[in-house]
Structures are given as structure tokens and as C-alpha cells.
Amino acid sequence: MLDVKYVLANLDAVIEGLRFRNAKVDFDHLRALSEERREKCVRYDNLRFEQRKASDEMRKLDKAQAEALRAQLKGMSAELKEIDARRSEIDAELAQMMLYIPNIPDPEVPQAADESDNKEIRRWGTPKSFDFEPKSHDELGEAAKILDFERGTKVSGARFTFLMGAAVKMELALIQFMLDTHASRGYKMVMPPYIVNRDSMTGTGQLPKFEFDAYKTNDDMFLIPTAEVPVTNLHRDELLTPDQLPIKYCAYSACFRLEAGSYGKDTRGMIRQHQFDKVELVKFTTPETSEAEHQALVNDAEEILKRLELPYRVMLLSAGDMGFSARKCYDLEVWLPSQNMYREISSCSNFGDYQARRANIRYRTPDAKEKTAFVHTLNGSGLAVGRTLIAIMENYQEADGRIRVPEALRDYVKADYLV
RNA sequence: GGAGGAAUGGCCGAGUGGUCGAAGGCGCGUGACUCGAAAUCACGUAUACGGCUUGCCGUAUCAAGGGUUCGAAUCCCUUUUCCUCCUCCA
């Protein structure tokens with residue numbers, strides 16, 4: 001969330017910054033509320049001071065005088081209560097408005113409405129040329145009987161899939177491989193809860209605006225749409241020390257997304273599912289190091305694709321294509337031969353202090369004595385496991401339908417061919 | 001799910017209606033002593049917001065919210081979290 005004071009002091013700049021971010025906020029109302037709040041506060045302080053003074057004096061008075069004063073003080077007390085009630089009303093409304101304002105994009109982010117203005121940063125690897133028509137992962141998976149879409153639909157509904165046999169082996173191998181790789185590069189492994197409360201969802205920015213994108217339980221809890229939610233909220237309401245930073249976690253979890261509003265997109269295959277596995281990287285840093293840590297995080301996600309020898313490119317997202325809480329975001333897109341294009345496999349965001357404000361994650365600054373500041377939070381997929389499985393199936397397929405196992409996974413899968 | 005106990009400053013811990021933003025200790029800071037350090041002594045040590053004569057004044061904050069009262073850390077209600085015991089369970 002943005003700082004109320006900052007928003008009010010820099011209203012024009014904020015509005016300009018949010019131009020492509022679909023922020024429907026009544027800024028005039030915001031300003032009026034702020035004015036009213038200030039008036040109420042001043043009145044309250046003065047009144048309270050008087051009341052307190054009179055109240056002290058009352059003890060020295062005789063009975064009759066005290067009774068007269070008591071009546072007067074009662075009136076003051078009532079007004080104080082009234083002012084206080086209105087003030088908390090205003091505070092609640094201001095806080096609520098802040099929750100609906102997205103993060104302001106970093107100056108480097110292209111100011112544009114959608115993905116057509118995303119900026120390609122770099123490419124790695126060369127798409128393999130096949131001397132046959134490469135099949136899509138769903139064709140390959142169904143032929144080899146390792147992906148069962150039909151029964152997934154029967155048992156659960158559209159966008160649910162059974163992994164069978166070798167696909168399970170590969171999925172688990174990928175999870176293990178990703179966690180091992182990240183752990184060897186300084187990340188601590190985490191397995192988080194899959195169900196979180198409302199505060200956690202609000203802390204990372206999924207709520208209140210995107211409530212209908214998440215699965216909800218009947219006791220007002222939520223299935224996590226990403227491990228980012230529980231892992232970032234690990235340190236919610238905590239005061240960290242500078243020597244702890246940066247904190248780096250790699251987490252495996254299943255992810256659950258209702259995908260409201262994505263009807264018709266990627267209906268075939270395993271690209272877009274209601275439930276999928278993901279290994280997520282999460283960092284807590286100081287403001288000074290967050291940019292460098294963001295670049296490093298992207299590199300850490302790229303490392304997985306490199307070791308698996310999958311061609312990919314890195315995209316800097318435009319303002320309109322970024323997530324609600326992000327300040328700057330890079331997508332990694334992997335090459336899918338069947339689609340003849342790059343498809344998103346990782347999204348690496350810097351949130352600045354936006355999530356830290358919502359979740360109240362602070363640290364004690366080393367220089368300014370005893371002062372606290374909000375940390376910066378970052379995260380990125382490292383990687384989406386299901387999509388990685390797909391990418392391997394398509395990129396490593398051979399003419400006879402067999403699928404080779406990437407060198408980096410041989411120790412995990414213990415076979416040269418998946419099927 | 002049932003019964004009981006608890007929640008106070010960076011930490012520990014006192015405090016059952018006014019003189020309490022809160023004793024005492026630890027920690028931290030400054031100074032004295034010392035060649036230097038330790039020990040010792042002295043003083044200081046929360047955060048946020050508002051005002052102006054920028055040093056003071058004021059307000060809020062003792063888990064959160066509400067209530068009683070002229071006045072609440074203190075009394076009452078609700079909620080949350082933690083601990084102990086029982087129940088259940090992988």
C-alpha cells in the first residue's frame with residue numbers, strides 16, 4: 001500500500017504514475033477526508049487538554065462545586081467521544097482507499113497499457129529446429145498416457161489434470177532439482193501452509209481487490225494462489241535487524257487459482273490450470289539493495305532454464321501488464337515449439353515497500369539510531385513446475401514420440417528417456 | 001471441541017480508579033575514573049502526530065475493539081494470540 005501522507009503530498013505525480021494501472025480512486029474525496037481529519041484532531045487535542053485540567057481540579061473542590069463541574073465535563077466527554085468516532089471512521093475509509101490503489105511503476109517501466117509494449121531485455125539459447133512436426137505437450141502426454149485431461153475434467157472439472165507415472169516422476173524431480181539449485185545459491189527451503197487467512201492475503205495485495213480470483217474456504221480462509229503469500233507473510237508484523245537482510249527463501253507449494261476472467265485462454269493442455277506446482281523465490285531486502293537483488297533474483301530463475309537447456313527470453317513488463325502490487329516486473333518466457341512462440345514460465349517482481357507497508361514488515365536501520373523502516377520485498381517463480389514439464393516434453397521430444405531427459409535431471413530421474 | 005491461566009517499553013518485570021508514558025533491572029548512549037579496556041559511578045535513553053518562540057508545549061499509544069467514569073494500564077464486555085490440562089487426529 002502507498003503511504004497516505006505521501007499520496008496526499010504528491011497527488012499529481014501519483015495520478016500520473018498510475019495512468020496505465022487502472023486505479024479507480026476518487027482522489028478529491030481523499031483530499032477532503034484528510035482535511036476533515038486534521039480539523040478533528042486539533043479539536044480533540046485541545047478539548048482533551050481542558051478536560052484533563054478541569055478533571056484534576058475537581059478533586060480539590062467541595063461537593064456542590066464538584067457536582068456543577070461534573071455536569072460540564074460530562075458534556076466535554078460526550079463531544080470527545082463523538083470526534084473520536086468520526087476520526088476512526090475517516091481513518092478506516094482512508095486505509096480502505098489505500099488498499100485499492102496499486103503500486104506506482106518504477107521509472108524504467110514502459111508506460112503503456114498492455115503486453116504489446118513489453119520490452120525484450122535479452123534472449124538465451126536457440127530454438128531447436130525439428131526435422132519433423134513437433135507435437136504439443138498435450139498430444140505427447142495423452143499418447144504416452146502420462147497426462148490425463150479427460151479424467152481430470154470428469155473428477156474435478158475443466159483445467160484440472162491427472163499426472164500419471166513418468167509425469168509424476170518428472171514433476172517431483174523438477175521440484176527437487178529447483179529447490180536444490182536455489183538452496184545451493186543461498187536460499188533457505190520452505191514448505192508453507194496452503195491455506196492462509198484474510199490478513200495474509202491482504203498483506204501481499206491479493207485482497208481486497210481480487211477476492212474473486214481466489215478459492216475461499218467456508219471459514220473465511222483462502223487457498224494460496226502462490227507461495228509468495230504465506231512466505232512473504234512469514235515476517236508480517238515483525239521488526240527485523242539489518243544483519244538478517246537480505247533474507248532469501250525458496251519455497252515449493254501447490255498453487256490454486258480460480259482464474260476468473262480468463263475463459264477461452266489456453267483451454268487446451270496444462271498451460272493454465274486451477275491447481276499447479278510452483279517453486280517460488282522470495283527475498284526481503286533493504287531499500288538500497290533491492291534493485292541489485294531483483295536482478296540477481298531474475299538470474300537465479302534463469303539459472304534453472306539454463307541448466308535445463310531450455311531457450312528463453314527476458315521481458316520487462318509495461319505498467320498495464322504488471323501485477324497490482326509490483327513496482328517493476330520481469331517475465332521469463334520459455335520457447336514452446338508447438339506454439340512456435342515464447343510463453344511465460346516465471347514472473348519476477350520488485351514490490352518496493354508496497355507489500356511491507358501492508359504487511360508491516362520493518363527493519364531497524366543501522367545508521368539512524370533506533371529508527372525503523374519498511375523492508376523491500378521481491379519474489380519470482382523459480383519456476384512454474386507444470387510449465388517446465390511442458391517445456392521439457394516439447395523441446396526434448398523425438399520423432400518417435402519419446403522424450404529425452406535433460407542432463408541436469410538425470411540424477412533425479414535416473415533414466416535417459418522419460419517415455 | 002471443553003476447562004483454566006496469561007498478554008505492560010528493544011528485552012525482563014512492577015503496577016487493582018487520579019500525582020503513571022508507566023518503578024526496578026538488563027541492554028544501549030554520553031561523561032568521569034584509566035595509558036587503554038574491564039569493573040565502578042553519574043546522567044540520559046519509546047514511537048507517532050500536531051503547534052509554535054526549535055526548545056518546549058499538547059495529544060495518542062500498557063494485545064485489539066467497545067463500555068462504565070469527571071478521570072482507566074488498572075473495573076466490565078467482545079475478539080485475537082500464547083501457555084497448561086482434557087478431547088480429537090496424520
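Glu120, Arg123, Arg313 and Glu333 are joined to one another in a network of salt bridges. This network is a convenient way into the structure, which is a predicted model. Under the criterion applied here, the count of salt bridges comes to 29. Side chains of opposite charge can pair when their charged atoms come close. Three further pairs are described below, after a short look at the overall architecture.

Chain A is built from 13 helices and 15 strands. Its C-alpha trace spans about 105 × 45 × 35 Å along the principal axes. Of the 419 residues in chain A, 49% are buried.

The pair Arg43 and Glu79 offers a good starting point among the individual bridges. The side chains of these two residues meet in a salt bridge with an N to O distance of 2.9 Å. Arg43 sits in helix H3 and Glu79 in helix H4, so that the contact links distant parts of the chain, 36 residues apart. Arg43 has a relative accessible area of 37% and is therefore partly exposed. Glu79 is likewise partly exposed, because its relative accessible area is 28%.

A second bridge brings together Asp300 and Arg185, whose side chains meet at 2.8 Å, N to O. Here too distant parts of the chain are linked: Asp300 belongs to helix H10 (residues 290–307), Arg185 lies in the loop between helix H7 (166–183) and strand S4 (188–190), and 115 residues separate the two. What of their accessibility: is Asp300 buried or exposed? Asp300 has a relative accessibility of 7% and so counts as buried. Arg185, at 30%, counts as partly exposed.

Helix H10 also takes part in a third bridge, through Glu293. The side chains of Glu293 and Lys283 meet with an N to O distance of 2.6 Å. Lys283 is found in strand S9 (residues 275–285), ten residues from Glu293, and the pair is again one that links distant parts of the chain. With a relative accessible area of 16%, Glu293 is buried. Lys283 counts as buried too, because its relative accessibility is 0%. Under 20% is the cut-off for a buried residue, and both Glu293 and Lys283 fall on that side of the limit.

Attention now turns to the nucleic acid. Around RNA strand B there are 18 residues, of which Asp45, Arg48, Ser55, Arg59 and Ser77 come nearest. Sugar or phosphate accounts for 68% of the atoms of RNA strand B within 4 Å of the protein, and bases account for the rest. Several contacts to the phosphates can be named. A polar side-chain atom of Arg48 is placed 2.4 Å from a phosphate oxygen of RNA strand B. For Ser77, an N or O atom of the side chain lies 2.6 Å from a phosphate oxygen of the strand, while for Arg52 the corresponding distance to a phosphate oxygen is 3.3 Å. Helix H3 (27–58) and helix H4 (63–99) are the elements that give two or more residues to the surface near RNA strand B. Which of the elements gives the most to this surface? H3 does, with nine residues. By residue class, the surface near RNA strand B divides into eleven charged, four nonpolar and three polar residues. Helices H3 and H4 are also the elements that hold Arg43 and Glu79, respectively.

The interior was examined for enclosed space as well. The count comes to one cavity of 30 Å³ or more, and about 30 Å³ of space lies in the largest cavity. The lining of this cavity is formed by Ile271, Val334, Leu336, Arg343, Glu344, Ile345, Arg387 and Ile390. Five of the lining residues are nonpolar and three are charged, with no polar residue present. Strand S11 (328–336), strand S12 (341–350) and helix H12 (385–395) each supply at least two residues of the lining. The largest share, three residues, comes from S12.

Helix H12 deserves a closer look. Why can H12 be described as largely enclosed by the rest of the structure? Ten of its eleven residues are buried, and the helix is therefore largely enclosed. The buried residues of H12 are Val385, Gly386, Thr388, Leu389, Ile390, Ala391, Ile392, Met393, Glu394 and Asn395. One of them, Ile390, also lines the largest cavity.

Technical notes. Residues numbered from 1 in each chain as written. Chains lettered and ligands numbered in written order. Predicted model: local features only at pLDDT ≥ 70, side-chain atom pairs only at ≥ 80, totals over all residues. Heavy atoms only, no water. 1 Å grid on protein atoms, 1.4 Å probe; cavity = no way out; pocket = protein on both sides within 12 Å on 5 of 7 lines; lining within 4 Å. Points joined across faces, edges and corners; volume = space filled by probe spheres on them. Helix = DSSP H or I, 4+ residues; strand = E, 2+ residues; numbered from the N terminus. Nonpolar A, V, L, I, M, F, W, Y, C, P; charged D, E, K, R; others polar. Buried < 20%, exposed > 50% of the residue type's maximum accessible area, 1.4 Å probe, protein only. Near = heavy atom within 4 Å. Polar contact = N/O pair within 3.5 Å; in protein donor to acceptor, adjacent residues only side chain to side chain. Salt bridge = Lys/Arg side-chain N within 4 Å of Asp/Glu carboxyl O.
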